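Visitor: I should like to learn how the features of a structure are read. May we take them one at a time?

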Amino acid sequence: MPIIAVFNLKGGVGKTTTALNLLAAIAQRGQRPLGIDLDPQAHLSHILGVEPRNADDTMFAFFMRQRPLDEIAAISPSGVMLCPAHLDLAKIDALLGKGVNIVTRLRLALRDAKMPSMPVVIDCGPLLNALSLNAVFACDLVLVPVSADYLSLQGAKEVERALNALEPVFRRRLPRRYLLTRYDLRRKMSTAIDATMRETFRPEEVAQTRIRENAKLAESPSIRLDIFRHAPSSRGAHDYEALAGELAAHGFVR
Ligand SMILES: Nc1ncnc2c1ncn2[C@@H]1O[C@H](COP(=O)(O)OP(=O)(O)O)[C@@H](O)[C@H]1O
Ligand SMILES: [Mg+2]
């Protein structure tokens, strides 16, 4: 059961867009993935139309009272299974801290023998807090979207440092892929960031696939659709399908 955490320490880099459309691309490949929204802003939950008013019906209850994931999971109108987020998730750090038994909670739940085997995509917020640590500890792959701008690359470098600092805990290098998003060949900045990324990170950890700047990708959240439903022949659909294919070739998606 491959588990992918979509994470960057910068906001607005395409994490939620990537989580949404990777879930859809996995479904296109004939599987039923589970999405987990760990961002208190709950954008993924909003786009998928799963927005419980009561925090107890969201990941908040999973952390606060160990409510089982299968009780929290809801099916979106478009058929995606999602454990939704809630604004109250922002309080988790203050309420529970970052102890080992807290940051490994999601890992234990997802790797429980009773948990049905399915691909999982976790959408993180832009902070290194108990929530994103739960995602990092649970996952098989950290997928780091880097939108083609300088500060996004800075955020990705901070992720690299944070993951490397955790290496003694994992006793291995945590698999990761840096994914260039909002790529536009015509913009100098785009090609410069692309080159810098390939110098900064290990070449094998930079995804071959680039997600191009695409108006259809930008407009699809407003109509609460993934790119395959909104514009199946768009560049956005093509690029996210290619990403799923690349991850499958490396065993991170089946
Ligand atoms: N490839 C893309 N082309 C055009 N717009 C994009 C692309 N990827 C993301 N966006 C837009 O960029 C903004 C930030 O993306 P989002 O996925 O919400 O980032 P994050 O979750 O990292 O904060 C959103 O308005 C989104 O629609
Ligand atoms: Mg987001």
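Guide: Let us begin with exposure: a residue is buried under 20% relative accessible area, exposed over 50%, and partly exposed in between (1.4 Å probe, protein chains only). The structure is a predicted model, in which local features need pLDDT of at least 70 and side-chain atom pairs count only at pLDDT 80 or more, whereas totals for chains, interfaces and linings use all residues. Residues are numbered from 1 along each chain as its sequence is written, chains are lettered from A and ligands numbered from 1 in the order in which they are written, and side-chain values use heavy atoms, with hydrogens and water left out.

Visitor: Is Arg182 buried, partly exposed or exposed?

Guide: Arg182 counts as partly exposed, because its relative accessibility is 42%. Its phi is near 55°, a positive value in a residue other than glycine.

Visitor: Where does Arg182 lie?

Guide: Helices (H or I, at least four residues) and strands (E, at least two) are DSSP runs, numbered from the N terminus. Arg182 is placed in the loop between strand 7 (176-181) and helix 10 (188-200).

Visitor: Which loop holds Gln66, and what is its phi?

Guide: Gln66 belongs to the loop between helix 3 (59-65) and helix 4 (69-72), and its phi is near 55°, a positive value in a residue other than glycine.

Visitor: Is Arg67 buried or exposed?

Guide: With 14% relative accessibility, Arg67 counts as buried; Arg67 also lies in the loop between helix 3 and helix 4.

Visitor: Which polar partner does the side chain of Arg67 reach at 2.7 Å?

Guide: A polar contact is a pair of N or O atoms within 3.5 Å; within protein, one must be able to donate a hydrogen and the other to accept it, and residues adjacent in sequence count only if both atoms are side-chain atoms. The side chain of Arg67 reaches the backbone oxygen of Asp56 at 2.7 Å, and a polar contact of 2.8 Å joins the side chains of Arg67 and Glu71.

Visitor: How many residues surround ligand 1?

Guide: A residue is near a molecule if one of its heavy atoms lies within 4 Å of it; the rule for a strand is alike. Ligand 1 is surrounded by 14 residues, with Gly12, Lys15, Thr16, Thr17 and Asn214 the closest. An N or O atom in the side chain of Lys15 is 2.9 Å from an oxygen atom of ligand 1.
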